[in-house]
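Got the viewer open? Here is a short tour, with a suggestion at each stop for what to select next.

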Amino acid sequence: MRWMRGLRFGAVMCTIAAIFSFPHSSLFAVRTVVVLGNQTLPESEILRWAELHTGVPLARIRTEEIAARLLRHPHIRTAQVEFRWPHTVVLRITERLPALAVVAEGHVLVVDGEGIVLDGEREDLLPLLVAFRVPPAPPGTPLTSPQLQAAVRALAALPKEVRDRLLLVRLLPEGELSLQLRIGPWVRVPLEGDLQRNVEVAEAVVRAMEQKGISVESVDLRFGDRAIVRPRGRTPETPVE
């Protein structure tokens with residue numbers, strides 16, 4: 001009878017070993033990798049950064065390690081790795097998309113809405129933000145100036161149709177913004193103000209003045225509800241309530 005008990009014990013141990021080794025077998029190996037969420041990054045580039053190869057058993061894959069590799073890419077903001085048993089791995093990402101081009105000490109840095117520097121060249125449609133005494137930063141790192149970060153966040157928070165109406169933005173040493181509208185005039189605004197409202201007010205002032213036959217050079221909106229307008233070619237400034 002003792003040999004029977006030994007046989008049963010061996011059978012049980014073999015069953016347990018099979019249960020634990022089964023997920024590690026080739027029956028549950030990676031055959032398909034699905035990439036979701038990419039808008040501009042090629043799938044091949046994401047797969048290269050993930051370093052995920054077919055034939056690897058799913059049980060041996062460390063999802064947090066793959067996600068960490070993906071997050072090293074300057075253009076990837078979030079990354080999640082999921083299994084779809086028995087043969088599929090899903091890479092779900094969100095990208096960092098260009099929001100502004102920042103000129104800092106002669107360098108043009110393309111950044112996203114959080115002020116993270118992206119690699120790549122400036123696109124012509126991106127608003128240009130000119131800053132002073134701001135050192136350049138490598139791709140994947142944030143801009144170092146808190147004031148510049150605040151300016152980037154304010155501009156990136158604008159609806160795209162409003163942001164597209166800006167041609168050039170200057171971050172002044174006093175912590176104010178000087179905006180050049182695509183329709184021509186410059187607009188001086190406080191950094192901490194309601195930027196969208198200020199752009200819309202400035203455009204309304206310009207249209208109202210043009211209806212009177214007056215071409216506007218600049219609008220100053222730093223004084224609450226009062227807009228100070230400088231007509232083009234004239235020295236005196238005209239307050240507008």
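A contact here means heavy atoms within 4.5 Å. By that yardstick, among contacts in the chain between residues at least 6 apart in sequence, 46% join residues at least 24 apart. Keep in mind as you click around that this is a predicted model.

**The whole chain**

Start with the cartoon view. You should find 6 helices and 13 strands. Of the 241 residues in the chain, 39% count as buried.

**The cores**

Next, select Leu129, Leu148, Leu177 and Leu179: these have the most contacts inside the largest nonpolar core, a set of 39 residues. Which helix gives the most to this core? Colour residues 195–211 to see the answer: that is helix 6, which supplies 6 residues. In soluble globular proteins, nonpolar side chains tend to be buried together.

Now centre on Leu148 and show what surrounds this side chain. Leaving out residues up to four places away in sequence, Leu148 touches Val102, Leu129, Ala131, Val134, Leu143 and Leu171. There is also a second, separate core, made up of 18 residues. To find that one, select Val33, Val35, Leu41 and Val81, which are included in it.

**A glycine in a loop**

Move on to Gly175, in the loop between strand 8 (166–171) and strand 9 (176–181). Is Gly175 buried or exposed? Its relative accessible area is 10%, and anything under 20% counts as buried, so Gly175 is buried despite its place in a loop. Setting aside neighbours within four places in sequence, Gly175 is in contact with Gln147 and Leu191. If you like checking distances, pick the C-alpha atoms of Gly175 and Val189: these residues are 14 apart along the chain, and the two atoms are separated by 9.7 Å.

**Two helices that cross**

Select residues 43–50 for helix 2 and residues 63–71 for helix 3. They pack at an angle of about 125°, with axes 8 Å apart. That makes helix 2 oblique to helix 3, and the crossing is right-handed.

Switch on side chains at the meeting point. From helix 2 come Ile46, Trp49 and Ala50, and from helix 3 come Ile66, Arg69 and Leu70. Sorted by class, this contact has 5 nonpolar residues, no polar ones and 1 charged.

**Trp49 and His73**

Stay in helix 2 and zoom in on Trp49. At 29% relative accessibility, Trp49 counts as partly exposed. Not counting residues up to four places away in sequence, Trp49 touches Arg69, Leu70, Arg72, His73 and Pro74. For another distance check, try Trp49 and Ala68: they are 19 residues apart along the chain, with their C-alpha atoms separated by 9.8 Å.

From there, hop across to His73, in the loop between helix 3 and strand 2 (76–84). His73 counts as buried, at 4% relative accessibility. Besides Trp49, His73 touches Leu41 and Glu45, again not counting residues up to four places away in sequence. You have already selected Leu41, as one of the residues in the second core.

**Last stop: Glu51**

Finish at Glu51, in the loop between helix 2 and helix 3. What is its phi angle? Glu51 has a positive phi of about 55°, although it is not a glycine. At 49% relative accessibility, Glu51 counts as partly exposed.

Notes:
Residues are numbered from 1 along each chain as its sequence is written. This is a predicted model: local features need pLDDT of at least 70, side-chain atom pairs count only at pLDDT 80 or more; totals for chains, interfaces and linings use all residues. Side-chain values use heavy atoms; hydrogens and water are left out. A nonpolar core is a set of buried Ala, Val, Leu, Ile, Met, Phe, Trp, Tyr and Cys residues joined through side-chain atoms within 4.5 Å. Buried means under 20% relative accessible area, exposed over 50%, partly exposed in between (1.4 Å probe, protein chains only). Helices (H or I, at least four residues) and strands (E, at least two) are DSSP runs, numbered from the N terminus. Axes are lines fitted to C-alpha atoms, for helices over the stretch in contact, and angles run from 0 to 180 degrees between N-to-C directions. Angles under 35 degrees count as roughly parallel, over 145 as roughly antiparallel, 65 to 115 as roughly perpendicular and the rest as oblique. A crossing is left-handed if the near helix is turned anticlockwise from the far one by less than a right angle, and right-handed if clockwise. Ala, Val, Leu, Ile, Met, Phe, Trp, Tyr, Cys and Pro count as nonpolar, Asp, Glu, Lys and Arg as charged, and the others, Gly among them, as polar.
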